[in-house]
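Visitor: Could you walk me through this structure? I would like to ask about a few things as we go.
Guide: Certainly; please begin wherever you like.

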Amino acid sequence: MKRLLKILIFALLIKPLVFIVLGLNLRGREKLPHNGPAIIAANHNSHLDALVLMSLYPLSLIHKVRPVAAADYFLCNRFLAWLSLNCIGIIPFNRSGHVDKEALFADCHAALDNGEILILFPEGSRGDPEKMSKIKKGLFYLVKDRTDTTITPVVMYGLGRALPRGEALFVPFNCDVIVGDVLQCFPTAKEFNENLARIFGQLFEYCLTRHEDDSNV
Amino acid sequence: MTLNIPPHSLYTMLGVLGLLTLGSAVTMGLGLKNPSRDYSELRLRIRSWWIMVTILFLVLVSSKTTAIVFFGFLSFLTLKEFLSIVPTRQADRRVIFWTYLSIPLQYYWVSMGWYGMFIIFIPVYVFLFLPMRMILIGETQGFIHSAGLLHWAVMLTVFAISHIAYLLTLPVLNGAAGNIGLVLFLLLMTEFNDVCQYIWGKMLGRHKIIPKVSPNKTWEGFLGGFISTTVCAGYVAPLLTPLLFEQSLIAGGIIAVAGFVGDVVISSVKRDLHIKDSGSLIPGHGGILDRLDSLIYTAPLFFHFLYYLAY
């Protein structure tokens, strides 16, 4: 039932919105993981980010793709919580810092064990439009002890113009979505994050709609 | 659905489908003859042509309203693509929203055949309105740049392209072709000219015409295309439009020159932004702006030539 609801919402609402009203310049779509357990690590500018990434998957797979999203934001009222949990299928994540690491990632590990594909935004928050924030260490700690999980980096550009943080008016723009190669793992969180930031920087070079003068990565 | 297509337009469409079939057959033949060479790019291009032509023909024969809505949608896609590749300020978001709203209005004037409004709405009302909306937001840093950019975008992608749609609301003067004939003639000659300029340039091209903008464009290609299109238009236009033979020659010449200019104007935009394609909507062709570049110039110029002479 939940799966049917998700398929309907994506087929009738979100996919047309993403592909027709918005429009994507896609590169490397074939590199997206089609089998879990896998993680997509993307930069974060807009609520649209997760919806765009999920739309890249066929409807038959869409129930396996689940964005990890801030519990304090998406579960703040009953309507938004129902929408997020049932229509999008988010994995709520506690950002408060008062939970110990084991419990923090329990839901993510359960989903990965279940062969699902997680969408994760290692910056942790949308931040200013089209600016990269500092990459947080959560992603590293999540995959540190997992040998079965691949991480695919993705950068998106333009969604922060279409629907930036704190704005309710949606304005159509073509957006770039560039999928990179699977990441190699690194021994420490620092090296891991430096490597990820470097790869994000390389992928940004392929964006059609990005300009050299706004190189704020 | 009862197909009630005027005969000349019907034959033209069948002719185009025939040409595409020939194109597909030749590509397949080439692939069989030289199995080592990669023709996937060419195949992709032709496949995209099939899709574009099929959609266009279906839309044109279904109804006038469908066709007008379709061209409006085309304007939307083109405007969106243009605004996505040029640098805009975050403060312009709300103004850009209004540029999109100009599309349904402009095509509404087209559908009701209100020529006076159609012709001044964007050059006067939208032109004056957008800066007003901008001052209400109040960001003055980069104001001139944005005001110019946004209005230029609407002129290119909404005003110019809506001229194709207005051809459909003109009174029918050539019953054997109907108004579809006007649109078919314009599109066919614009594409024919593109192809001819390319082929003549490949065969004879020596003297560069504007090396700074487009190093592949030559005088030989331009003149070859000009002569081919002018002659071809002389024989095709009397069948598809109300124009006489001599007028048709001039129409062909206008389309040849305008098509060339439109092509290089959009090329300059892309050069300025250091990009090769404006998008990736049409496999093998690039973005929609890459495909409509010539048409942005040919549509209004052909329209007004025709309007002056025949209406």
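Visitor: What area does chain A expose, and what share do carbon and sulfur atoms supply?
Guide: Chain A exposes about 10,200 Å², and carbon and sulfur atoms supply 57% of this area. Accessible areas come from the Shrake-Rupley method with a 1.4 Å probe, and for residues only the protein chains shown count as cover. Please note that this is a predicted model, in which local features need pLDDT of at least 70 and side-chain atom pairs count only at pLDDT 80 or more, while totals for chains, interfaces and linings use all residues. Residues are numbered from 1 along each chain as its sequence is written, chains are lettered from A and ligands numbered from 1 in the order in which they are written, and side-chain values use heavy atoms, with hydrogens and water left out.

Visitor: And what about the surface of chain B?
Guide: The accessible surface of chain B is about 14,900 Å², and 70% of it belongs to carbon and sulfur atoms.

Visitor: How many helices and strands does chain A have?
Guide: Chain A has nine helices and seven strands. Helices (H or I, at least four residues) and strands (E, at least two) are DSSP runs, numbered from the N terminus. Chain B, by contrast, has ten helices and zero strands.

Visitor: Why does the radius of gyration of chain B agree with a compact globule?
Guide: A compact globule of 311 residues would have a radius of gyration near 19 Å, and chain B has 20 Å, which agrees. The radius is taken over C-alpha atoms, and the globule rule is 2.2 Å times the number of residues to the power 0.38. For chain A, with 217 residues, the rule gives a value near 17 Å, and the 16 Å of this chain agrees as well.

Visitor: What percentage of chain B is buried?
Guide: Of its 311 residues, 51% count as buried. Buried means under 20% relative accessible area, exposed over 50%, and partly exposed in between (1.4 Å probe, protein chains only). For the 217 residues of chain A, the buried share is 51%.

Visitor: Which residues touch the most other members of the largest nonpolar core?
Guide: This core has 119 residues, and those with the most contacts to other members include A:Leu53, A:Val154, B:Leu60 and B:Phe71. Helix α6 (residues 143-167) of chain B provides its largest share, 14 residues. A nonpolar core is a set of buried Ala, Val, Leu, Ile, Met, Phe, Trp, Tyr and Cys residues joined through side-chain atoms within 4.5 Å. In soluble globular proteins, nonpolar side chains tend to be buried together.

Visitor: What does B:Leu60 touch?
Guide: Leaving aside residues up to four places away in sequence, B:Leu60 touches B:Ala67, B:Phe71, B:Leu168, B:Ile180, B:Val183 and B:Leu184. Contact means heavy atoms within 4.5 Å.

Visitor: New topic: where is B:His274 found?
Guide: B:His274 is in the loop between α9 and α10 of chain B. With a relative accessible area of 65%, B:His274 is exposed. This residue has a positive phi of about 60 degrees although it is not a glycine. Most residues other than glycine have a negative phi.

Visitor: And B:Leu301, where is its place?
Guide: B:Leu301 lies in helix α10 (residues 288-310) of chain B. Its relative accessible area is 44%, so B:Leu301 is partly exposed. Not counting residues up to four places away in sequence, B:Leu301 touches B:Ile254 and B:Ala258.
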